[in-house]
Amino acid sequence: MPHVITIGEVLVEFMAKNIDQKFYITGEFTGPYPSGAPAIFIDQVAKLGTSGGIISKVGFDDFGKLNYDRLKSDGVDVKYFSFTNEGATGVAFVSYKNNGDRDFIFHLKNSATGFLNIDDIHEEYFDDCNFYHIMGSSLFNDNIRNAVEKAISIAKKNNIKISFDPNLRKEILQDESYKNFINYILEECHIFLPSEEELKLITGIEDEETSIHFLLDKGIEYIVVKRGKKGCTVYDKNNKVTFAPIKVEEIDPTGAGDCFDGTFISFLDKGFDVKTAALYANAAGAIAVTRKGPMEGTSTLREVEEFLKSQSNI
Ligand code: ATP
Ligand code: MG
């Protein structure tokens with residue numbers, strides 16, 4: 001049974017060919033690329049040699065097959081990656097703006113993933129689990145929230161560490177029930193992996209150190225603040241360590257945060273301390289942005305090690 005487990009969306013992504021391409025004008029796209037934040041996360045975990053499994057649902061279609069084949073060949077446990085007739089595999093379209101921002105159209109809510117529910121969570125699957133990772137982007141309906149709640153209660157019973165990346169958009173925080181669920185996860189998680197912006201949105205506190213201490217006082221053990229091209233900072237009760245970004249040419253930022261999370265958790269599972277885990281995660285995030293396509297940015301242990309070695313020679 002896997003050491004690291006996640007639950008949530010698997011989808012395909014189509015990327016607009018041109019910068020500033022509008023969705024309301026007919027244009028060209030490339031794809032389908034395998035995608036979905038939890039899928040990218042677990043792919044990164046497995047590529048680093050850590051056993052990882054995803055609980056997800058796709059449709060009986062070739063977009064589902066594309067994801068299944070990729071995850072399986074990268075070493076992800078697919079025991080509870082299932083195919084259903086209830087919906088088609090989710091789809092996202094992305095277009096990059098001149099300033100680096102992205103526009104998305106998601107077809108997810110009515111997709112196969114939306115049918116994930118409490119019956120998809122099998123307690124025995126968590127027998128060897130050390131880390132259960134939650135992506136905020138997966139919590140888009142009550143069925144999935146109930147499934148996540150069940151997994152949290154299994155994790156608590158078995159002393160499994162719960163990690164949480166809010167992966168949220170500002171608009172979604174207007175939803176009161178979503179906000180309450182995020183607060184519930186914050187009470188239960190041990191490792192929190194927000195971006196700078198998400199940390200502010202979730203705590204409502206402008207000053208970073210104040211918000212960090214507010215969360216550490218709740219009982220969260222480690223917080224890693226991801227800062228895109230500005231690197232990252234890892235905090236625990238007594239320490240704060242900042243990692244400068246590794247200089248790379250950014251081709252496609254989608255998925256960097258998920259690769260970062262996967263590497264951080266994989267290294268903790270291997271027994272490394274948080275500082276070492278963050279060092280490698282910072283490198284995996286940098287590698288991810290140099291490659292086009294959301295899941296194309298995941299790297300093997302050898303790639304991350306060689307990338308870090310090449311940096312220290314400069
Ligand atoms: P998303 O949710 O969109 O995948 P995120 O906000 O969770 O992203 P980012 O902060 O964008 O995550 O990226 C994660 C990490 O990857 C950063 O903290 C940093 O370590 C690394 N990284 C991201 N972009 C760059 C970059 N342009 N150059 C170097 N490192 C980067
Ligand atoms: Mg993120």
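These exercises walk through two sheets, a ligand site and two backbone details in a predicted model.

**Exercise 1. Find the edges of the nine-stranded sheet, and say why one side of each edge strand lacks a neighbour.**

Step 1. Write down the strand order. The nine strands run β5-β4-β1-β8-β9-β10-β11-β12-β13. The sheet is open, and its pairing is mixed.

Step 2. Read off the two ends. They are β5 (81-84) and β13 (240-243).

Step 3. Count partners. Each of these edge strands has a single partner strand, so one side of each is left without a neighbour in the sheet.

**Exercise 2. In which sense do β10 and β11 pair, and over how many bridges?**

Step 1. Locate the strands. β10 covers residues 191-192, and β11 covers residues 222-226.

Step 2. Recall the options. Strands of a sheet pair through backbone hydrogen bonds, either parallel or antiparallel.

Step 3. Assign the sense. β10 and β11 are parallel, with two bridges between them.

Step 4. Pick a residue pair to inspect. Isoleucine 191 faces tyrosine 222 of β11.

**Exercise 3. Which strands do helices α5 and α8 touch?**

Step 1. Start with α5, residues 196-203. This helix packs on the sheet and touches β9 (161-165), β10 and β11. Its direction makes about 120° with that of β11.

Step 2. Turn to α8, residues 274-289. Helix α8 also packs on the sheet, in contact with β11, β12 (232-235) and β13. The direction of α8 makes about 20° with that of β13.

**Exercise 4. Describe the surroundings of ligand 1.**

Step 1. Take the shell. It holds 20 residues, and the closest are Asn167, Gly228, Gly231, Glu250 and Asn282.

Step 2. Sort the shell by class. Seven residues are nonpolar, eight are polar and five are charged.

Step 3. List polar contacts made by oxygen atoms of the ligand. One involves a side-chain N or O atom of arginine 102, at 3.2 Å. Another reaches a polar backbone atom of arginine 227, at 3.3 Å. A backbone N or O atom of glycine 257 also takes part, at 3.1 Å.

Step 4. Check the cover. On its own, ligand 1 has 630 Å² of accessible area, and the protein covers 90% of that.

Step 5. Trace the shell to its elements. Those giving two or more residues are α7 (256-269) and α8. Helix α8 gives the most, with four residues. This is the helix that also packs against β11, β12 and β13.

**Exercise 5. Which strands lie at the edges of the four-stranded sheet, and which helix packs on it?**

Step 1. Set out the order: β3-β2-β6-β7, an open sheet with mixed pairing.

Step 2. Name the edges. β3 (29-35) and β7 (102-107) each pair on one side only.

Step 3. Add the twist. From one strand to the next, it averages 25°.

Step 4. Look at one strand pair. β2 (residues 11-16) runs antiparallel to β3, and five bridges join them. In one of these strand-to-strand matches, methionine 15 has threonine 30 of β3 as its bridge partner.

Step 5. Place the helix. α2 (residues 62-73) packs on this sheet and touches β2, β3 and β6 (90-96). Its direction makes about 55° with that of β3.

**Exercise 6. Where do proline 32 and aspartate 20 sit, and what marks their backbone?**

Step 1. Find proline 32 in strand β3. The peptide bond joining glycine 31 to proline 32 is cis, with omega about 0°.

Step 2. Find aspartate 20 in the loop between β2 and β3. Its phi is positive, about 65°, although aspartate 20 is not a glycine.

How values were computed. Residues numbered from 1 in each chain as written. Chains lettered and ligands numbered in written order. Predicted model: local features only at pLDDT ≥ 70, side-chain atom pairs only at ≥ 80, totals over all residues. Heavy atoms only, no water. Pairing = 2+ DSSP bridges. Contact = heavy atoms within 4.5 Å. Axes fitted to C-alpha atoms, helices over the stretch in contact; angles between N-to-C directions. Near = heavy atom within 4 Å. Polar contact = N/O pair within 3.5 Å; in protein donor to acceptor, adjacent residues only side chain to side chain. Areas by Shrake-Rupley, 256 points an atom, 1.4 Å probe, with all protein chains shown as cover. Nonpolar A, V, L, I, M, F, W, Y, C, P; charged D, E, K, R; others polar.
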